[in-house]
Amino acid sequence: MQEEIKRIVPENAGLVLEGGGSRGVFTAGILDYFMEKNLYFPYVVGVSAGACNALDYKSEQPGRSRDTFIIRDRALHPINPMNIPRIGYIYDMDKPFYDYPHLYFPFDFETFKSSKMKCEMVVTDIDTGRAEYLSDYTDDDRILNICRASSTLPFLAPPVTIDGKRYMDGGLADSIPYARSMKLGYKKHVVILTQQEGYRKKQDKASDMLVKAVYGREKALVRTCIRRPGVYNRQLEILKRLEDEDRLFVIRPTEKTVKRLESDLNELDRFYQHGYNTAVGIFDEMMDYLQR
């Protein structure tokens with residue numbers, strides 16, 4: 001497999017995966033097609049739902065991300081109001097980061113750990129409000145905890161502690177980490193977004209007030225959350241300029257997206273298929289970009 005990887009993708013290529021909750025099923029469709037084509041990048045960085053996708057991409061498990069985004073058995077769904085009296089939050093993170101990989105959708109830890117692909121997952125340090133890029137996968141639990149931290153949204157689940165530091169969703173501090181791929185020295189960059197072209201995040205005063213009310217003691221985290229829309233929109237502007245300059249290749253939805261916490265299975269199936277079909281449509285153009 002590694003010989004095929006080097007033959008197909010230059011060693012200087014990075015893959016960047018945005019998050020977006022249920023919208024990550026679009027990325028799952030794209031990566032499933034990439035895996036069908038034996039297309040594996042030497043480096044991948046993922047945020048939140050993008051980190052979950054990166055996990056299954058590095059472990060070479062087509063279909064697994066699709067199955068964990070589209071939960072057809074309601075008893076296995078992590079979001080349930082009955083979770084609140086039991087664990088204090090509506091989202092039971094033990095389901096996707098323990099039950100799924102160990103019981104229902106087995107995760108291939110051995111392939112993940114033996115792969116030469118460099119995989120980083122973005123987390124937000126609660127004490128500093130800054131992004132960190134973790135890749136120290138020393139054991140099975142740590143692999144899942146890092147991905148869990150990258151995916152932990154405010155209000156929905158408690159922070160994750162790793163090496164004594166408290167982390168939450170990486171998208172709070174760095175929603176589209178193409179700058180990280182550039183900083184590490186990669187020359188070609190493929191960026192998978194989960195929003196349509198032209199999307200911009202709006203500042204929401206009600207959300208800002210809620211963040212202050214719930215996380216008021218965490219000054220750096222509150223500041224990062226409030227600044228996020230402006231930072232995200234500037235990232236999109238820079239990304240578009242770099243795309244126009246042919247310095248990176250962007251893949252984004254062209255059909256209606258799903259909600260962050262989408263529950264309609266038909267909509268999730270549709271958006272997954274849109275990702276897969278998009279990958280089919282752009283594949284030759286992307287390969288031309290990577291190889292020239």
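In the predicted model, helix H2 passes helix H3 in a right-handed crossing. The axes of H2, which spans residues 24–36, and of H3, which spans residues 49–58, come within 9 Å and cross at roughly 20°. Since angles under 35 degrees count as roughly parallel, the two helices, H2 and H3, are therefore described as roughly parallel to each other. On the H2 side the contact is made by Gly24, Thr27, Ala28, Leu31, Phe34 and Met35, and these meet Ala49, Asn53, Asp56 and Tyr57 of H3. By residue class, the contact of H2 with H3 comprises six nonpolar residues, three polar ones and one that is charged.

A second packing partner of H2 is helix H12, which covers residues 265–291, and here the axes lie 7 Å apart at an angle of about 45°. This angle makes H2 oblique to H12, and the crossing of H2 with H12 is right-handed. The H2 residues in this contact are Val25, Phe26, Ala28, Gly29, Ile30, Asp32, Tyr33, Phe34 and Glu36, and they are met from H12 by Leu268, Phe271, Tyr272, His274, Gly275, Tyr276, Thr278, Ala279, Val280, Phe283 and Met286. The residues of the contact of H2 with H12 divide into 14 nonpolar, four polar and two charged. Ala28 and Phe34 of H2 are listed in the contact with H3 and also in the contact with H12.

Helix H3 is mostly covered in the model, with nine of its 10 residues buried. The buried positions of H3 are Ala49, Gly50, Ala51, Asn53, Ala54, Leu55, Asp56, Tyr57 and Lys58, and of these Ala49, Asn53, Asp56 and Tyr57 take part in the contact with H2. Gly50, which is found in H3, is buried with a relative accessible area of 0%. When neighbours within four places in sequence are left aside, Gly50 is in contact with Leu17, Glu18 and Gly19. The C-alpha atom of Gly50 is separated by 23 Å from that of Ser207, a residue 157 positions away along the chain. A further element that packs against H3 is helix H6, which covers residues 94–104 and whose buried residues are Lys95, Pro96, Phe97, Tyr100 and Pro101. These buried residues of H6 pack against H3, helix H4 (64–69) and helix H8.

The loops that follow H2 and H3 each contain a residue other than glycine with a positive phi. Asn38, with phi near 55°, lies in the loop between H2 and strand S2 (43–47), where Asn38 is partly exposed with a relative accessible area of 25%. Glu60, whose phi is likewise positive and near 55°, lies in the loop between H3 and H4 and is partly exposed, with a relative accessible area of 24%.Charged side chains form a further set of contacts, and the structure holds 26 salt bridges. Among them is the pair of Asp163 and Arg142, whose side chains meet with an N to O distance of 2.7 Å. This pair links distant parts of the chain, 21 residues apart, with Asp163 in the loop between strand S5 (160–162) and strand S6 (165–169) and Arg142 in helix H8, which covers residues 140–150. Asp163 is exposed, with a relative accessible area of 60%, whereas Arg142 is buried, with a relative accessible area of 16%.

Another salt bridge joins the side chains of Glu245 and Arg247, with an N to O distance of 3.4 Å. Both partners are partly exposed, Glu245 having a relative accessible area of 41% and Arg247 one of 42%. The side chains of Arg292 and Asp288 likewise meet in a salt bridge, at 2.7 Å from N to O. Arg292 is partly exposed at a relative accessible area of 49%, and Asp288 is partly exposed at 44%. In addition, salt bridges that share partners join Glu197, Lys240, Glu243, Asp244 and Arg252 into one network.

Note on methods
Residues are numbered from 1 along each chain as its sequence is written. This is a predicted model: local features need pLDDT of at least 70, side-chain atom pairs count only at pLDDT 80 or more; totals for chains, interfaces and linings use all residues. Side-chain values use heavy atoms; hydrogens and water are left out. Axes are lines fitted to C-alpha atoms, for helices over the stretch in contact, and angles run from 0 to 180 degrees between N-to-C directions. Helices (H or I, at least four residues) and strands (E, at least two) are DSSP runs, numbered from the N terminus. Angles under 35 degrees count as roughly parallel, over 145 as roughly antiparallel, 65 to 115 as roughly perpendicular and the rest as oblique. A crossing is left-handed if the near helix is turned anticlockwise from the far one by less than a right angle, and right-handed if clockwise. Contact means heavy atoms within 4.5 Å. Ala, Val, Leu, Ile, Met, Phe, Trp, Tyr, Cys and Pro count as nonpolar, Asp, Glu, Lys and Arg as charged, and the others, Gly among them, as polar. Buried means under 20% relative accessible area, exposed over 50%, partly exposed in between (1.4 Å probe, protein chains only). A salt bridge is a side-chain nitrogen of Lys or Arg within 4 Å of a carboxyl oxygen of Asp or Glu.
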